[in-house]
Amino acid sequence: RASALPDARMVTLTIDGATVEVPEGTSIMRAAALGGTSIPKLCATDNLEAFGSCRVCLVEVEGRAGYPASCTTPVTPGMVVRTQSERLTQLRRGVMELYISDHPLDCLTCSANGDCELQDVAGAVGLRDVRYGYEGANHLAADKDESNPYFAFDPTKCIVCSRCVRACDEVQGTFALTVEGRGFDSVIAASQSEDFLSSECVSCGACVQACPTSALIEKSVEAIGTPDRAVVTTCAYCGVGCTFRAE
Ligand code: FES
């Protein structure tokens, strides 16, 4: 049972056979997490508004056609949810195939190797092969934006989940990033600017923290790798959380 504000109405539902009680308005994904069940996800995080774009978090709801995204679907009383089934694994694997078909396959030399949510989800759904080839537009030479002194942006590794855009908006309130184009042509870009450095970006790092791949990555991590230990402190200035790194 999740704790709630005193006047919040509680909703009881079943997730993978277990009874869960959560405040009204809670998403299925959040209710599952509160009940100890982790649903694969790429565009959702704990601190950003649900967006529902990646379609990795699909679930089955008894009596309901289709496969709703658990991050954007609120619980209802008596709802019966399944988060794991052969069909769901097939669907999630299909979604991951599309992502990987438009992503470089350089994991072994990538700075995010071992610390990449795309890699984690691909492994979790048992992705072994991609039927669509590896010819997505993002594989074509795309300019890396290294204008910011602290981090770099590599569009070839971007899955356009928009977590960086939402972090910039919702966490920092800077609105320095946007999504341009559609479909395979969609790309994260500095809003109304040539690059990150000339944009409204204040180098707070919220976008880098939000990125599930290494599309946005600290230059120090690129140079010396992921630290063995990190201590995060948060001050009142921006609330992002600065990281002290120890090797
Ligand atoms: Fe739900 Fe991306 S995590 S659609």
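**Notes on a two-domain predicted model**

1. Let's start with one residue, Glu-170, which sits in helix α4, the stretch covering residues 163-172. Bear in mind as you read on that this is a predicted model.

2. How exposed is Glu-170? It counts as partly exposed because 13 other C-beta atoms lie within 10 Å, and a residue needs 20 or more of them to be called buried, or 12 or fewer to be called exposed. If you skip its neighbours within four places in sequence, Glu-170 is in contact with Leu-48 and Glu-49. As for Val-232, that residue is 62 residues from Glu-170 in sequence, and the two are 20 Å apart in space, C-alpha to C-alpha.

3. Now for the domains. The assignment splits the protein into domain 1 (10-84) and domain 2 (92-246). Going by C-alpha atoms, their centres are separated by 25 Å. Where they meet, 13 residues of domain 1 are in contact with 17 residues of domain 2. On the domain 1 side of that meeting, you'll find eight nonpolar residues, three polar and two charged.

4. Some whole-protein numbers may help you get oriented. The protein has six helices and ten strands. Of its 247 residues, 37% are buried. Take the contacts with a separation of 6 or more: 59% of them link residues 24 or more positions apart.

5. One sheet is worth tracing on screen. It is an open sheet of four strands in the order β2-β1-β4-β3, and its pairing is mixed. At the edges are β2 (18-23) and β3 (60-61), each of which pairs on one side only. In general, strands of a sheet pair through backbone hydrogen bonds, either parallel or antiparallel.

6. Which way do β3 and β4 run relative to each other, parallel or antiparallel? They run antiparallel, with two bridges joining β3 to β4 (residues 80-82). If you want a spot to zoom in on, try Glu-60, whose bridge partner in β4 is Arg-82.

7. Last stop: helix α3, residues 117-124. Its buried residues are Glu-117, Leu-118, Gln-119, Val-121 and Ala-122. What do these buried residues pack against? Their packing partner is α2 (86-100). As a reminder, an α-helix has 3.6 residues a turn, so residues three or four places apart point the same way. Just after α3 comes Gly-126, which takes a positive phi of about 75°.

Technical notes
Residues numbered from 1 in each chain as written. Predicted model: local features only at pLDDT ≥ 70, side-chain atom pairs only at ≥ 80, totals over all residues. Domains from an automatic or database assignment. Contact = placed C-beta atoms within 7 Å. Nonpolar A, V, L, I, M, F, W, Y, C, P; charged D, E, K, R; others polar. Pairing = 2+ DSSP bridges.
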